[in-house]
Amino acid sequence: MSRRDDRLWRIRASLERFHGAVAAALGNAAREQRGIAAERARDMVEVMVRGQGVDRALADPVLAGPLRNPLFGPVLAHAMADRVEAFRDWSEQGPDRLAEIVGEASPGAASQPHEAWLGGTGTADGSEGVPELWRIGDGEVPSAPEPRRFPVAVPLLDQAHLHVASAPESRATAESLVEGLLLRVLSHFQPGLVQVHVWDVGQLTGSLPGLYPLTRAGLLTVHDPARLHELLDELSDTIRRVHTGVLVEGHQSIRAVSGRRAEPWRIAVLLGNRQALKEEHQQQLQRVARNGLACGIQLFIVDIPITVNSPVETVRVAADHTATCTMTGKHVRVLLDPPLPRHAVPRACAAIAEKREERRSRFGTFADLLPEEPWQERSAAGVVAPVGFFDGDPVPVALGDTSPHALIGGPSGSGKTNLLYAMLGSLAARYSPDELELYLLDFKEGVSFAQFAPGRKDPSWLPHARLVGVNVNTDREFGVALLRFLADEMRRRADAAKRHEVTKLEQLREEDPEGRWPRVVAVIDEFQYLFGERDQVTAQATQLLEDVARRGRSQGIHLVLSSQDVAGIEGFWGKSAIFEQFTVRIALPKARRVLAEPQNDAAVELPRWHAVVNHESGVRPGNRVARVPDATKRGTFDALQAELHRMRPEELPEPILFDGSRVPVLGGLADFQALRPGEASPTVLLGQVIDVAGSAAKVRFARTPGRNTAVIGSMAEDAAGVLAGAALSLARQHFEGGARFTVACLVDDARPHADRLVKRLRGQGFEVAEVPLKDFREVPEDERRGFREVVDEHAKRLREINAGTFEGDVVPEYLVVYGVDAAQSLLEVKDEKTRATGVDSFRLLLKHGPENRTHLLGWWRGAQRLKNSLPPGVYDDIGSWIAFDVQGKELLSFGPEQVMSWSPRPRRGLFFDRFEHSRPQVVIPFDTGEES
Ligand SMILES: Nc1ncnc2c1ncn2[C@@H]1O[C@H](COP(=O)(O)OP(=O)(O)OP(=O)(O)O)[C@@H](O)[C@H]1O
């Protein structure tokens, strides 16, 4: 071979080797690439299979071919094994667990098949809870290896609104869903506890036709398509009313109020056409949605695009009639329950309506106002109690921080007293005496509040009553005394709150759990008397009323004022600071001005024994009409009181009773009973002042000038009551024989009184000198001992004491003189020897007596006559006085300017002690005759 050939061969060979190597390399590369491609394909299939879920992937036409390829067999097998593993827990327990949960959360009609309940009427009243979930169908997880069904239920009432979105093909299914849920709810609760409103943008009638029989019982209202705003207004009004009238005990929602549901649920079904509502409606709907759940307002919104920031359960019904809902998420397909049988729905609604009517016509009695168990409620944030019924549903009255005070009006005979009994009974049965105290004042003549205090026939009393005032009509001061007491209590509470660094009673109760801080409700019936005159009493009453009305709310002090004609009460309407606080208005038939007239004339049309209860200062949307049960006939309030009286804590004292027609008995008075012998400066009791404690009018007989007492007036009886009360109270403060009494009866009218007093004092072991005006006995002139002589003797003794020449003990001496003025001419006569008059002696006795323990208790039959006994213009020696039938202006010389406004009235005196008082007080003289 030539070298050339050889080289060629080598080149070829080498090329071949190269080609071989290249081919080998290329072959390797291709194999490698095929391998990688297959792996990549497997990965991609796995991603797709796992991404879509095994069953979707198997059904996917794109994947059908590849998945038949044996290459991907292991991928599918692996994914299926993993799926089974992943679902194991769910497959084994999930559906059963869900069924169990739904079963528990959805008792009765809330989840059972319609055969079990449709056509019957519910008995649940909310007191034993409300189903948490309401069934809509069955769910399945299509991607689960072995799809098992489980019940699907949605949260409703008080928890979430319902939003249903359908496709045009499935709208009927959506409506069936709504109808089914409505019937579950309607059939679960007592008829009346669920009310339905329907608004359909497209039609006036025709939506949810099966429900129409509910209309006649007022349980279904179909709203005009053009008037959505009216429905929304109505719902907003309800929300407001519930806030002011029901949610007063600090409850956040009606559901939190224990016992029977206080307000029905109102379900508003809004059927739309997938177009947005007008902006203003949208906004109003959002507000209703936001605040409605707490107030029992439930929205079912169908095919209306809406965003609401409150809990909403959304159910989407697809064109194939299956659904998804937010409760179960997108992976669960919901097979909605089939529609209820078409004819059964109206029949069921008719049965509900009928039962409702029956309930409505059954009249709510006083017993129906009462809770099953007394004294279970707490009053920390307020008190609330039904006073009547509307359509068989209780209508509550609430007093709390937001509705502090109530005004009740209605002409005579319209049932105010009865309403007060219903209210007080309802409250007293719910709150224990530690939670609620009552102060009850009745200005009416008659004894309508006497029932609350122990009486002769019925010794029971209302344990909550701390004060009962009856027949107060002339003693308007007692109304002022009550208001002053409340104002003081308010201040005491405010001080305690301040110490605990809080502002309200509710917080104070939290900070001071051991303290006793009941709510105080003060009722004043016929309160117009309080403002009856243009005088000092009205001025004080107005000022105190304003104080309590404005600041009572946060200290738990509530006023309930009632009157037959509130319209003309200037003291009430004259100050906005007063009447604006009376947000609770209760109008009986034909009441004037209680409600915000003329817009709100609901009281005009009101039937007998009904009332409009309004917690919004009487504006129309706040009206709730209530039929008030008879609470005064036998077996109603009296029976309740007897029961509560038996339950009362043993240590609870009886209420204080103030009876304007009763004469206070000296011996029965706590202030009298508290007197003990041995006092250096004895206290004289002159009568009973008109105050809440029933205390006595007192004067201290200290050894200081001026400590004499005058009674001014023409009536012996009034004067005798005062003088005897004074003398007997003094006697009680001395040991037997430790004081000397001189009783001078100078006018015949007073004789029996004076005799009785003398007997009484002697009976207690005291030395009593009886002195006539003149001594007519057949005795020598210089031994005669009439009033003049006694006065001269006392004057002489006092002169000697002052001169230091008196020998003997200075024993307390009390001169009780009936009709001092009758002795005036006798006293004016000059002594033939000394040229001194008895008047001088008398004035000396007044002037120097008290410091030497000699005090005068004298009755003068007129103010001028008293002046005649005293040095001209100098009246200081009469330090205290009590005047009866004397006009105020005549008393001006003896007391402050306020005496001017005094107009005398029977059996009442005006009392002033210049050492103790800045203003005079009205006093009721004692009955001392009953004393033993
Ligand atoms: N809801 C009622 N059901 C039955 N009877 C009632 C009802 N309310 C009041 N009555 C009766 O009507 C009468 C008058 O009622 P009540 O005394 O409550 O009226 P009032 O407005 O307080 O009248 P007055 O101011 O004249 O006392 C009473 O005999 C009472 O028993």
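# Questions about a predicted protein–ligand model

Me: Hello! Which residues come nearest to the ligand, of the 14 around the ligand?
Reply: Happy to help, and bear in mind that this is a predicted model. The shell around the ligand divides into 3 nonpolar, 9 polar and 2 charged residues. Of the 14 residues around the ligand, the nearest are Ser412, Gly415, Thr417, Asn418 and Trp609.

Me: What ipTM does the predictor give the complex?
Reply: For the protein chain, the mean pLDDT is 88. In that chain, 93% of the residues reach 70 or more. For the complex, the predictor gives a pTM of 0.70 and an ipTM of 0.98.

Me: Good to know. What share of the contacts in the protein chain, between residues at least 6 apart in sequence, join residues at least 24 apart?
Reply: Let's start with the elements: the protein chain has 24 helices and 31 strands. Of its 932 residues, 46% count as buried. Among contacts between residues at least 6 apart in sequence, the share joining residues at least 24 apart is 74%.

Me: How far apart are the end C-alpha atoms of helix α8?
Reply: Helix α8 runs over residues 344–361, which makes 18 residues. At 1.5 Å a residue, counting one less than the number of residues, α8 should span 26 Å. The model agrees, because the end C-alpha atoms are apart by 26 Å.

Me: What arc around the axis do the buried residues of α8 cover?
Reply: The buried residues in α8 are Val345, Ala348, Cys349, Ile352, Ala353 and Arg356. They lie on the same side of α8, because the arc they cover around the axis is only 135°.

Me: And which helix is included in what covers the buried residues of α8?
Reply: The residues to be covered include Val345 and Ile352, both buried in α8. What covers the buried residues of α8 includes a helix at 171–188, namely α5.

Me: How many of the 16 residues of α19 are buried?
Reply: Helix α19 covers residues 716–731, and its end C-alpha atoms are 22 Å apart, in agreement with the expected span. The helix is largely enclosed by the rest of the structure, because the number of its 16 residues that are buried is 15.

Me: Let's turn to the backbone. Which residue is joined to Glu597 by a cis peptide bond?
Reply: Most peptide bonds are trans. Here the bond has an omega of about 0°, so it is cis. The residue after Glu597 in this bond sits in the loop between β18 (584–587) and α16 (602–605). The cis bond joins Glu597 to Pro598.

Me: Is Lys590, with its positive phi, buried, exposed or partly exposed?
Reply: Most residues other than glycine have a negative phi. Lys590 is not a glycine, yet its phi is about 70°, and its place is the loop between β18 and α16. Since 13 other C-beta atoms lie within 10 Å, between the limits of 12 and 20, Lys590 is partly exposed.

Me: How about Arg853: buried or exposed?
Reply: Arg853 also has a positive phi, near 65°, and lies in the loop between α23 (838–848) and β28 (854–860). A residue needs 20 or more other C-beta atoms within 10 Å to count as buried. Arg853 has 22 such atoms, so Arg853 is buried.

Me: What separates the C-alpha atoms of Ala823 and Ser869?
Reply: Ala823 is in the loop between β27 (813–818) and α22 (824–828), and is buried, with 26 other C-beta atoms within 10 Å. Beyond its neighbours within four places in sequence, Ala823 is in contact with Leu746, Leu773, Phe787 and Arg788. Ser869 is 46 residues away along the chain, and the C-alpha atoms are separated by 9.6 Å.

Me: Is Ser825, in α22, buried or exposed?
Reply: Ser825 lies in helix α22, and its C-alpha atom is separated by 9.2 Å from that of Gly838, 13 residues away along the chain. With 9 other C-beta atoms within 10 Å, under the limit of 12 or fewer, Ser825 is exposed.

Me: One more: how far apart in space are Phe443 and Arg476, C-alpha to C-alpha?
Reply: Phe443 is in the loop between β14 (436–442) and β15 (465–470), and counts as buried with 26 C-beta neighbours inside 10 Å. Its contacts outside four places in sequence include Val472, Asn473 and Tyr529. Phe443 and Arg476 are 33 residues apart in sequence, and in space their distance is 8.2 Å.

Key: Residues are numbered from 1 along each chain as its sequence is written. This is a predicted model: local features need pLDDT of at least 70, side-chain atom pairs count only at pLDDT 80 or more; totals for chains, interfaces and linings use all residues. Helices (H or I, at least four residues) and strands (E, at least two) are DSSP runs, numbered from the N terminus. The arc is that of the directions from the helix axis to the C-beta atoms. Two residues are in contact if their C-beta atoms, placed from the backbone, lie within 7 Å. A residue is near a molecule or strand if its C-beta atom, placed from the backbone, lies within 6 Å of it. Ala, Val, Leu, Ile, Met, Phe, Trp, Tyr, Cys and Pro count as nonpolar, Asp, Glu, Lys and Arg as charged, and the others, Gly among them, as polar. pLDDT is the predictor's confidence in each residue, from 0 to 100.
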